[in-house]
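Welcome to a short set of exercises. Keep the sequence and the 3D view open, try each task yourself, and then compare your steps with the worked solution.

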There are 2 protein chains.
Amino acid sequence: MRRVLIAELNSYLGKEVRISGWIHRIRRLSQVTFLILRDRTGMIQVVVDPALIENTQISTESVVDIRGLVKPEPRSMAGYELLTQSIEVLALAEHLPIQINGNELNIPLETVLDHRVLSLRHAKVNPIFKVQAELVHAFQEFLNGEGFVQVFTPKIVLGGTEGGTELFALEYFEEKAYLAQSPQFYKEMLVGAGYERVYEIGPVYRAEKHSTSRHLNEYVSLDLEMGFIQSEHDLMDLETRLLRHMFSRVEERCASELERLGATIPQVKTIPRLPLGEALELLERQYGKIHEEADLDPEGERLLSQYVLENMASEFVFVTDYPWKKRPMYTMPKGPSSTCSFDLLFRGLEITTGGQRIHDQHLLMDNMRKKGLEPGDFAAYVHCFAMGMPPHGGLAIGLERLTTQILGLRNVREASLFPRDRRRLTP
Amino acid sequence: MRRVLIAELNSYLGKEVRISGWIHRIRRLSQVTFLILRDRTGMIQVVVDPALIENTQISTESVVDIRGLVKPEPRSMAGYELLTQSIEVLALAEHLPIQINGNELNIPLETVLDHRVLSLRHAKVNPIFKVQAELVHAFQEFLNGEGFVQVFTPKIVLGGTEGGTELFALEYFEEKAYLAQSPQFYKEMLVGAGYERVYEIGPVYRAEKHSTSRHLNEYVSLDLEMGFIQSEHDLMDLETRLLRHMFSRVEERCASELERLGATIPQVKTIPRLPLGEALELLERQYGKIHEEADLDPEGERLLSQYVLENMASEFVFVTDYPWKKRPMYTMPKGPSSTCSFDLLFRGLEITTGGQRIHDQHLLMDNMRKKGLEPGDFAAYVHCFAMGMPPHGGLAIGLERLTTQILGLRNVREASLFPRDRRRLTP
């Protein structure tokens, strides 16, 4: 007998079916035992004659196979329930360190993560990663439609893209290698290899020692790079349309997940673009917030987002024209001290860094030297710029941060299935 | 003026346009200079009055922006050409270590890889990765339709999935960590976490010291895992339908790439399933090929594929029932010495390993001990099996191998943008 999914049961009223899943809850009365059975598509009330399970050990979260009759029952949530004919235990749950069938999972995040397989079964945890998968799917769908090619580049690399800090070191046979901080060099090289427009979805690594609610040491980066742009504004235009597509797809395809998580999807209209200098002045004028350096700190990001929301009715803001000394050597300069660069803030958090890159080899080598870097240390990269590299630029979106902000989570770890941080290497 | 792609030019006959791309070829006659311009969508002949470029330095593979008139020209390949009004050099190609505008790229593979950005521009190299991207896209499309959720699991892990051999070691702050050989434990855990069906597309790492035309030290694994299966045959059924979908999509969407590469897409009908024991007997009987151990060596894989093609008209064959001692500890045993496992051979090469996994914690721990492993060394994994793990299984397809076999490439490195092997860490 073929397994029927719980969400499909409404087509089987009055019929015999086989369903499978986890026992979400057990309520034993004298004459009858009620189970709530859960599979990946939903939950259903199952009515069991106690005689049927007299000699069967069952427990919450055990995996069972049940055959029975789908019977209308107006008092049940679904409008029908299952009258059990037979029940088989496929895997007995023997030990549950945390309880996951309540409305809220009121336990510390570290405990949630220690018991990830159980906590992911909770009604307010499980949907996070369905929304995340849909964000990725929509990212690909949009870029495929725009002529981008998905690429896969190595994560074991000879050096960093920004001069060697915050890298995880690795023994690669006789050589020393590192885990890639970003696919930056490779995606630029692939634009130059004739693909013009490429994207990559893959892990990136930052050996940052500090531990905050916004950082992971391994995360998923949604990276894109495109050739033949006029300026960094082409990239902001593209990202605006990209986010609009991603959010409308999530709204359309994850309605029940969003409802369970109490999340509202932002409307992406025109996103304001504010040069960093103006943003800093505005923060000082409006909130008395002073930044020592020409950059936004986490409080600055939150205040700026608040200002833009209140005054420009946008949950997003592009902060543009970062100073030369704050951006990596491959960033296209703008005048003597600025760059063709931007960050995107969403609900108070930076979720994207992007910009136009240098495409002229001589300018690139000069810029490296000004930053105290030696072009020879980046030979395979620099070399490509003598072979015809179009004007280009790109951006990267942190997948876990985007998920966190959309769903209103408190910590980016909640948006990573198995986070890696300063102290966590397991599960 | 908006850039027009070369493939779109047929809609602009008699009109002025702007096109951009790389100069594929230059032919200077006394009265006229002909350029072939190449962008990501195709090539076009461009007619330039030599006076127009008298003071402009141009060279093959330089990146240019050209404005001109699209004029019908029956003698040209496209049926039209571009009469140049102005030409601007965006990036001058100064140095070309290899020539990439011939029909064939007749240089050694190591040179191809050393100059990857140039070699990827070649007409018979560039399409490889468009086909690869389409394979990935179709893999996702099919599995999304089957209720699978795409997941992202960490590549920095505490240990190996098969007992610690062939791992790249890593310094993770104060701890020793490794690069994941496969997402095996995580995908199983996510089946148990209630997602039931998950897939992952990501890098995996094998610190294998030998160097063959079939091995990479970092490659992309197309992994899937599903719960509530009856046996490993459910997985072979799924993979058959999956491959059928992937191949028909590639045929549909990559017709010109396949033509350029001279590749034919296999028809996936029913795939024969042959227990390993029978396969070994058959090889001995038919070809006098004797295997010392109960496993297929590369020659055995080729001969078996040849036999199946000639006698069963299939380019694929599932080899099933591998002996217990040849499979990892998580494989579901079948009788005293066999397992619920399979490999898939395609045109003489193994492209998939899969099987049903153990879902009972006690059986899992017993099996580990029989293999000389200590369950305590896999605590986070073993622990999950006490919390209700459904019967499940999965498989993994090596993306580069699949690409290699479809396109008839000679070496799996040709199907990796930036391969990592025993001696190669760059570019």
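## Exercise 1: A salt bridge between chains

Both R40(B) and E196(A) are buried, where buried stands for under 20% relative accessible area, exposed for over 50% and partly exposed for values in between (1.4 Å probe, protein chains only). A word on the conventions: this is a predicted model in which local features need pLDDT of at least 70 and side-chain atom pairs count only at pLDDT 80 or more, while totals for chains, interfaces and linings use all residues. Residues are numbered from 1 along each chain as its sequence is written, chains are lettered from A and ligands numbered from 1 in the order in which they are written, and side-chain values use heavy atoms, with hydrogens and water left out.

**Task.** Find which kind of contact joins the side chains of R40(B) and E196(A), and where in their chains the two residues sit.

**Solution.**
1. The side chains of R40(B) and E196(A) form a salt bridge, at 3.0 Å from N to O; the rule asks for a side-chain nitrogen of Lys or Arg within 4 Å of a carboxyl oxygen of Asp or Glu.
2. This pair crosses between chains: R40(B) lies in the loop between β2 (33–39) and β3 (42–48) of chain B, and E196(A) in the loop between α4 and β10 (197–205) of chain A. Helices (H or I, at least four residues) and strands (E, at least two) are DSSP runs, numbered from the N terminus.
3. Now look at R40(A) and E196(B): their side chains also meet in a salt bridge, again 3.0 Å from N to O.

## Exercise 2: The interface as a whole

**Task.** Describe the contact of chain A and chain B: how many residues does each chain give, and what area is buried?

**Solution.**
1. Chain A contributes 97 residues and chain B 97 residues, counting contact as heavy atoms within 4.5 Å.
2. About 7,900 Å² is buried between the two chains, with carbon and sulfur atoms giving 64% of it. Buried area is the accessible area (1.4 Å probe) that two parts lose on being put together, summed over both.
3. Six salt bridges are found across the interface of chain A and chain B.

## Exercise 3: Salt bridges within chain A

**Task.** Locate the salt-bridge partners of D39(A) and K187(A).

**Solution.**
1. D39(A) pairs with R3(A), at 3.8 Å from N to O. The two are 36 residues apart, with D39(A) in strand β2 (residues 33–39) and R3(A) in the segment before β1 (16–28).
2. D39(A) counts as buried because its relative accessibility is 5%; R3(A), at 14%, is buried too.
3. K187(A) pairs with E225(A), their closest N and O atoms being 3.5 Å apart. Here helix α4 (residues 184–195) is linked to strand β11, across 38 residues.
4. Both K187(A) and E225(A) are buried.

## Exercise 4: An enclosed strand

**Task.** Which strands of chain A pair with β18(A), and why is β18(A) described as largely enclosed?

**Solution.**
1. Strand β11 (residues 218–227) pairs with β18(A) in the antiparallel sense over seven bridges; pairing requires at least two DSSP bridges between two strands. L224(A) stands opposite L395(A).
2. Strand β17 (residues 349–357) runs antiparallel to β18(A) and is joined to it by six bridges, with G394(A) as the bridge partner of G355(A).
3. Six of the seven residues of β18(A) (residues 392–398) are buried, so the strand is largely enclosed by the rest of the structure.
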